Amino acid sequence: MVTADAARNVVGIIGNVISFGLFLSPVPTFYRIIKKKTVEEFRPDPYIATVLNCLFWCLYGMPFVHPDSLLVVTINGVGLVLELAYLAVFFIYAQSKGRKKVAFGLGFDVVLFVAIAAISLTALHGTKKRSLLVGIVCDIFNIIMYGSPLTIMAKVIKTKSVKYMPFYLSLTNFLNGCCWTAYALIKFDIYMLVSNGLGAVSGAIQLILYAAYFKSTPKDDDDFAGKPSTEVQLSNTNAAAAASV
């Protein structure tokens, strides 16, 4: 008979694999940046936000904050390394303004993370109180980051086109949210449930919109050339959703 802990570990490992795929989704973007030696119109904002998201979830998964959450730390640790690598590439090929934005953004991330970590570890005693503070912070940032897919979904409805909403990203986002929602339910974790439940709902809505507007999407992509920033924004926000595990 399979125990709850064993089932949770299996689901968590599957979730790690799916989330890893989402974290890799911006790779083509940065290959393009390296190849062209310019960041074009791409912005570092979603990557900076995802760094902070990964930091908070890594803190949440620590045994002195929320015990038995090793799989939360592993995937967010990997995600953190990847996001920092993306930002390093962006920093190398960006102009002075872009480099300052990366530097200030990461500085803000560090200051806020250190402040929350210091409060949770020094002012709060016991894993329940620490989980409460860090979990709420994680959920707040995840809810804010889901604003980007909402903007893109509104664009799909307005244009009756799914060109800026790749099917496989939407599907993977949905599966990722479902997987980690199941993980949160097996050993009930309200903070992970909130973030990943929203992720599953967001992914489901994207898939419904895709089915509704796929046939009305123009097949000629030429008029969209040179305007990849919206799709990239969705790509990395889905990666951020992967961080909410």
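This note covers confidence, the nonpolar cores, a surface patch and the salt bridges of a predicted model.

1. Basis. Residues are numbered from 1 along each chain as its sequence is written, and side-chain values use heavy atoms, with hydrogens and water left out. As this is a predicted model, local features need pLDDT of at least 70 and side-chain atom pairs count only at pLDDT 80 or more, while totals for chains, interfaces and linings use all residues.

2. Confidence. The protein chain has a mean pLDDT of 87 (the predictor's confidence in each residue, from 0 to 100). In this chain, 89% of residues reach 70 or more. Among its elements, α5 has the highest mean, 96, and helix α10 (residues 229–243) the lowest, 49. Helices here are DSSP runs (H or I, at least four residues), numbered from the N terminus. Over residues 221–235, pLDDT stays under 50. For that stretch the model has 29 contacts (heavy atoms within 4.5 Å) beyond four places in sequence.

3. Main core. The largest nonpolar core has 42 residues. Such a core is a set of buried Ala, Val, Leu, Ile, Met, Phe, Trp, Tyr and Cys residues joined through side-chain atoms within 4.5 Å. Buried means under 20% relative accessible area, exposed over 50%, partly exposed in between (1.4 Å probe, protein chains only). Phe30, Phe56, Tyr60, Tyr183 and Met192 touch the most other members. The largest share, 10 residues, comes from α3. Leaving aside residues up to four places away in sequence, Phe30 touches Tyr47, Tyr86, Val89 and Phe90.

4. Second core. A separate core of eight residues includes Val162, Met165, Leu209 and Tyr210.

5. Surface patch. Ile143, Leu185, Phe188, Ile190, Val194 and Leu198 form a nonpolar patch on the surface. Patch members have over 30% relative accessible area and no salt bridge; nonpolar side chains (Val, Leu, Ile, Met, Phe, Trp, Tyr) are joined within 5 Å, like charges within 9 Å. Together they have about 530 Å² of accessible area (Shrake-Rupley method, 1.4 Å probe, only the protein chains shown counting as cover). α9 gives the most, with three residues.

6. Salt bridges. The structure holds four (a side-chain nitrogen of Lys or Arg within 4 Å of a carboxyl oxygen of Asp or Glu). Asp45 and Lys101 meet at 3.2 Å, N to O. Asp45 lies in helix α3 and Lys101 in helix α5, so this pair ties together parts 56 residues apart in sequence. Lys187 and Asp68 meet at 2.9 Å, N to O. Arg32, Lys36 and Glu40 are linked in a network of salt bridges.

Terms used:
Helix = DSSP H or I, 4+ residues; strand = E, 2+ residues; numbered from the N terminus.
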